[in-house]
Amino acid sequence: QVQLVQSGGGLVQPGGSLDLSCAASGDYSSMDTMSWYRQTPGETRELIATITSKLATNYRDSVKGRFTISRDNIKNTISLQMRSLQPEDTAVYYCHAAYYARPGFLHTAWGQGTQVTVSR
């Protein structure tokens, strides 16, 4: 089983920057795609960025050019650099991982969530 522990986030003014990190630990065979999601009250959780084990990335249109996802396959961590933040980026951010407990058996795990608030 994999545990994901998030850090970072907080309060920032519009136009500011924040970084999020997520560290994976536990017993698994290999880590597959890792992602960042976010959720606002009353809304469904939305996918904002993904990064594969080969470091291919993909972004939601609303964050392209402002957010950067990165990954360290040695440390089993992912990060999300958020720039030019706007009030509409306010949400609880979650990291997500797909991993193989053993070859052929794919599992998923979520981080605990961290609040990002963009406000004056």
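1. Val 92 stands opposite Gln 115 in strand 11. This pair belongs to a predicted model, and the points below work outward from it. Strand 9 (residues 91-102) and strand 11 (residues 114-118) run antiparallel and are joined by three bridges.

2. Strand 9 also pairs with strand 10 (residues 105-110); the two run antiparallel, with six bridges between them. One pair to look for here is His 96, whose bridge partner in strand 10 is Trp 110. Two residues lie between strand 9 and strand 10 in their hairpin, where Gly 104 has a positive phi near 90 degrees.

3. A further partner of strand 9 is strand 4 (residues 30-39). Eight bridges join strand 4 to strand 9, and the direction is again antiparallel. Met 34 can serve as a marker for this pairing, since its bridge partner in strand 9 is Ala 97.

4. Strand 4 is also joined to strand 5 (residues 46-51), by five bridges in an antiparallel arrangement. In strand 5, Leu 47 is the residue opposite Tyr 37. The hairpin made by strand 4 and strand 5 has six residues between the strands, and Gly 42 in its turn shows a positive phi of about 80 degrees.

5. From strand 5 the pairing continues to strand 6 (residues 57-59), with three bridges and antiparallel strands. Thr 50 has Asn 58 in strand 6 as its bridge partner. Strand 5 and strand 6 form a hairpin too, with five residues between them.

6. What is the phi of Leu 55, a residue that is not a glycine? The value is positive, about 75 degrees. Leu 55 sits in the loop between strand 5 and strand 6, in the turn of their hairpin. With a relative accessibility of 45%, Leu 55 counts as partly exposed, because that class covers values from 20% to 50%.

7. Asn 76 is another residue other than glycine with a positive phi, here near 55 degrees. Its place is the loop between strand 7 (67-72) and strand 8. Asn 76 is partly exposed, at 23% relative accessible area.

8. Is Ile 78 buried or exposed? Ile 78 is buried, and its relative accessible area is 0%. This residue lies in strand 8 (residues 77-82). Leaving out residues up to four places away in sequence, Ile 78 touches Leu 20, Ser 21, Cys 22, Met 34, Ser 35, Trp 36, Ile 51, Ser 70, Arg 71 and Cys 95. Among these, Met 34 is the residue already named as bridge partner of Ala 97. Ile 78 and Gln 6 stand 72 residues apart in sequence, while their C-alpha atoms are 9.4 Å apart in space.

9. Val 12, in strand 2 (residues 10-12), is buried as well, with a relative accessible area of 12%. Which residue lies 107 positions from Val 12 in sequence and 6.3 Å from it in space, C-alpha to C-alpha? That residue is Ser 119. Ser 119 is also among the contacts of Val 12, together with Ser 17, Leu 18, Leu 85, Thr 117 and Val 118, when neighbours within four places in sequence are set aside.

10. For the chain as a whole, there are eleven strands and zero helices. Read from the N terminus, the order of elements is β-β-β-β-β-β-β-β-β-β-β. The radius of gyration is 14 Å, close to the 14 Å from the globule rule for 120 residues, so the chain is as compact as a globular protein of that length. Along the principal axes, the C-alpha atoms fill a box of roughly 50 × 25 × 25 Å.

11. Contacts and burial can be stated for the whole chain too. Of the contacts with a separation of 6 or more, 54% are between residues 24 or more positions apart. Buried residues make up 38% of the 120 residues.

12. The last point concerns surface and charge. The chain exposes about 6,500 Å², and 48% of this area comes from carbon and sulfur atoms. There are 11 positive and 9 negative side chains, and the centres of the two sets are 3 Å apart.

Technical notes. Residues numbered from 1 in each chain as written. Predicted model: local features only at pLDDT ≥ 70, side-chain atom pairs only at ≥ 80, totals over all residues. Heavy atoms only, no water. Pairing = 2+ DSSP bridges. Helix = DSSP H or I, 4+ residues; strand = E, 2+ residues; numbered from the N terminus. Rg over C-alpha atoms; globule rule 2.2 N^0.38 Å. Buried < 20%, exposed > 50% of the residue type's maximum accessible area, 1.4 Å probe, protein only. Contact = heavy atoms within 4.5 Å. Areas by Shrake-Rupley, 256 points an atom, 1.4 Å probe, with all protein chains shown as cover. Lys, Arg positive; Asp, Glu negative; His and termini not counted. Charge placed at Lys NZ, Arg CZ, Asp CG, Glu CD.
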